[in-house]
Amino acid sequence: MNRKSFLKATALAAGAVFTRPLITFASQSKYRLALIGSGWWGTNILREALKSGECQLVALCDVDERQVKKCLEEANKLTNDQPKNYKNYEELLHKEKPEIVINATPDHWHALIAIDAMKAGAHVYLEKPISHTVNEGKAILKTARDTQRICITGFHRRYSPHNVSGQEFLKSGKVGQIKEVKAFVTYNFGQGKIVADEPVPQGLDWDAWCGPAPLVAYNPTIHPRSWRQRTEFANGQLGDWGPHWFDQILWWSEETAPKKIFSLASDKINTNNNNAPESQVVVYDFEGFTCTWEHSQLNGRPTSKTENVGVYFHGTEGTFHMGWMGGWSFYPKNKNTEIIHQDAKLNQPDQQNIDLVWADFLNSIKTKKLPFADIQKGYEATNMSLLGMAALKAGKSLDWDGKLGKITNDSEANKLLERQYRKGYSYPKWK
């Protein structure tokens with residue numbers, strides 16, 4: 001079965017499941033499912049897992065009782081399951097023995113939870129970026145292969161219809177020879193304000209939320225949902241948006257890693273509690289092309305013809321824009337030739353296509369074949385983000401050996417591939 005046929009089949013299968021009455025979900029459940037990280041995005045993934053009709057929700061885990069409550073309200077609309085609630089994921093794994101774990105925690109918790117879940121026998125749906133540091137990613141990948149568990153990355157843009165057709169268009173040669181690629185996310189977030197630290201809200205175990213990361217004072221600009229702009233827990237816009245678009249680039253190019261990386265960032269302008277770069281450029285040198293990343297929280301690029309996220313593939317026959325909600329467009333170099341466009345087909349309420357990722361995940365568990373968004377793909381795309389941050393911190397161009405997984409022109413810079421965990425937590429082994 002070719003890729004297009006597979007996607008069509010999974011989409012039809014998913015559609016058939018969605019039409020089943022609620023009462024059939026429990027009776028046809030197969031896999032014991034646990035959600036770790038029950039916030040907004042974890043709930044989105046859980047919704048599609050329950051709609052598949054092949055999962056029994058046995059547990060929800062979160063260190064914030066408020067998030068569990070909201071998530072359970074959504075789950076109750078789709079299933080009669082009575083999941084147990086946990087704050088400690090290790091206790092959940094030991095007592096419930098789930099066959100599938102959704103890991104939708106903040107980035108700094110991805111590695112430990114994914115690794116422990118696979119070692120406990122569970123297949124893992126892991127949100128991107130797969131890790132907070134490069135060597136964590138190595139450990140996750142090693143564990144997936146050692147345990148022979150399916151670990152899929154939440155790369156829904158590998159499955160969305162317009163992304164699939166867009167890749168076919170790119171590979172058809174109609175864009176010509178492509179030597180320049182630019183991934184970008186540009187917004188204007190405005191000045192903002194400094195928000196004071198607050199007492200930890202009732203029902204939140206803040207020490208556990210920080211986990212292996214530094215223990216900082218609780219601040220509502222970190223949790224919930226704003227932690228991505230704090231480098232203690234994530235890697236800013238580059239770490240958040242980058243893996244999605246870098247994966248599109250690697251998918252097109254079939255290369256797996258850049259040879260050189262260099263990055264610069266502007267001094268901070270906005271007034272807020274964030275410490276991640278608000279404006280950053282990264283240049284990646286590949287064998288066959290040059291890739292540039294650009295993000296800005298200072299200017300939304302009002303002169304642009306396209307939406308302010310995506311990838312520009314600049315070819316000898318024109319420019320192709322792979323977008324998100326706006327679909328994709330090809331702008332021919334001949335101005336007398338019509339622009340070619342395809343709209344996006346996205347699901348509500350999250351404007352993504354998580355259902356197609358989940359269908360591939362279940363199929364891989366059943367067939368024991370690696371999914372299209374296998375953890376290897378997540379590792380490669382995540383690394384591009386993390387290496388961009390490493391180059392920024394190093395203040396120099398870094399030479400990268402993708403096969404060895406190391407920086408070759410600066411032995412000290414290899415220390416940037418991991419970080420010291422807080423006392424009481426052990427950095428995962430990757431060798």
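**Reading salt bridges, pockets and buried residues**

Modeller: The structure holds 23 salt bridges, and keep in mind that this is a predicted model.

Biologist: What should I have in mind when I look at such pairs?

Modeller: Side chains of opposite charge can pair when their charged atoms come close. Take Glu96 and Arg32 here: their side chains meet in a salt bridge, 3.4 Å from N to O. Glu96 sits in helix α5 and Arg32 in strand β1 (residues 31–36), so this pair ties together parts that are 64 residues apart in sequence.

Biologist: Are Glu96 and Arg32 buried or partly exposed?

Modeller: One of each. Glu96 has 8% relative accessibility, so it counts as buried. Arg32 comes out at 28%, so it counts as partly exposed. The cut-off at work is that buried means under 20% relative accessible area.

Biologist: Which residue forms a salt bridge with Arg47?

Modeller: Glu74 does, with the closest N and O atoms 3.4 Å apart. Arg47 is in helix α3 and Glu74 in helix α4, so to speak distant parts of the chain, 27 residues apart, that the pair links. Arg47 is buried, at a relative accessible area of 14%, while Glu74 is partly exposed, at 26%.

Biologist: And what about Arg422 and Asp207?

Modeller: Their side chains also meet in a salt bridge, with 3.4 Å from N to O. Arg422 lies in the segment after β16 (406–407) and Asp207 in helix α9, so the pair ties together parts that are 215 residues apart in sequence. Arg422 is buried, with a relative accessible area of 18%, and Asp207 is partly exposed, with 37%.

Biologist: Which residues are linked in a network of salt bridges?

Modeller: Asp107, Lys128, Arg228 and Asp240 are.

Biologist: Now the opposite case: what is the nearest side chain of opposite charge to Glu136?

Modeller: That would be Arg419, 5.5 Å away; Glu136 is buried yet has no salt bridge. The cut-off that matters is 4 Å between a side-chain nitrogen of Lys or Arg and a carboxyl oxygen of Asp or Glu. Glu136 belongs to helix α7 (residues 134–147). Setting aside residues up to four places away in sequence, Glu136 touches Ala111, Ser131, Tyr421, Tyr427 and Pro428.

Biologist: Let's move to empty space. How do I read that?

Modeller: Rolling a probe the size of a water molecule over the atoms shows where empty space is left. In this model the largest pocket holds about 1300 Å³ of space. Its lining takes in 48 residues, and Ala104, Thr105, Pro106, Trp227 and Arg228 lie nearest the centre of the pocket. The elements giving two or more residues to that lining are α3 (40–51), α5 (89–96), α6 (110–119), α9 (206–210) and α10 (236–240).

Biologist: Which element gives the largest share of the lining of the largest pocket?

Modeller: Helix α6, with four residues. Arg228 is worth a second look: it is among the residues nearest the pocket centre and also part of the salt-bridge network.

Biologist: How many cavities of 30 Å³ or more does the count come to?

Modeller: The count comes to one. The largest cavity has a volume of about 30 Å³, and its lining is made of Thr43, Leu46, Arg47, Leu50, Cys71, Glu74, Ala75 and Leu78. You'll recognise Arg47 and Glu74 there, the salt-bridge partners. Both α3 and α4 (65–75) supply at least two residues of this lining, and α3 gives the most, with four.

Biologist: Is helix α8 (residues 161–171) mostly covered or mostly exposed?

Modeller: Mostly covered: eight of its eleven residues are buried. They are His162, Asn163, Val164, Ser165, Gly166, Gln167, Phe169 and Leu170. Just after α8, Gly173 takes a positive phi of about 95 degrees.

Biologist: Why does Asn163 count as buried?

Modeller: Because its relative accessibility is 1%, and buried means under 20%. Apart from neighbours within four places in sequence, Asn163 is in contact with Arg157, Gln248, Trp251, Met322 and Gly323. The C-alpha atoms of Asn163 and Lys345 are separated by 9.7 Å, with the two residues 182 apart along the chain.

Biologist: Which residues does UniProt list for the C-terminal domain?

Modeller: The unreviewed entry lists residues 194–425 as "Gfo/Idh/MocA-like oxidoreductase bacterial type C-terminal". In the model that span is 24% helix and 20% strand, and its end C-alpha atoms lie 31 Å apart.

Terms used:
Residues numbered from 1 in each chain as written. Predicted model: local features only at pLDDT ≥ 70, side-chain atom pairs only at ≥ 80, totals over all residues. Heavy atoms only, no water. Buried < 20%, exposed > 50% of the residue type's maximum accessible area, 1.4 Å probe, protein only. Lys, Arg positive; Asp, Glu negative; His and termini not counted. Contact = heavy atoms within 4.5 Å. UniProt positions renumbered as here; feature names shortened; annotations may be inferred. 1 Å grid on protein atoms, 1.4 Å probe; cavity = no way out; pocket = protein on both sides within 12 Å on 5 of 7 lines; lining within 4 Å. Points joined across faces, edges and corners; volume = space filled by probe spheres on them.
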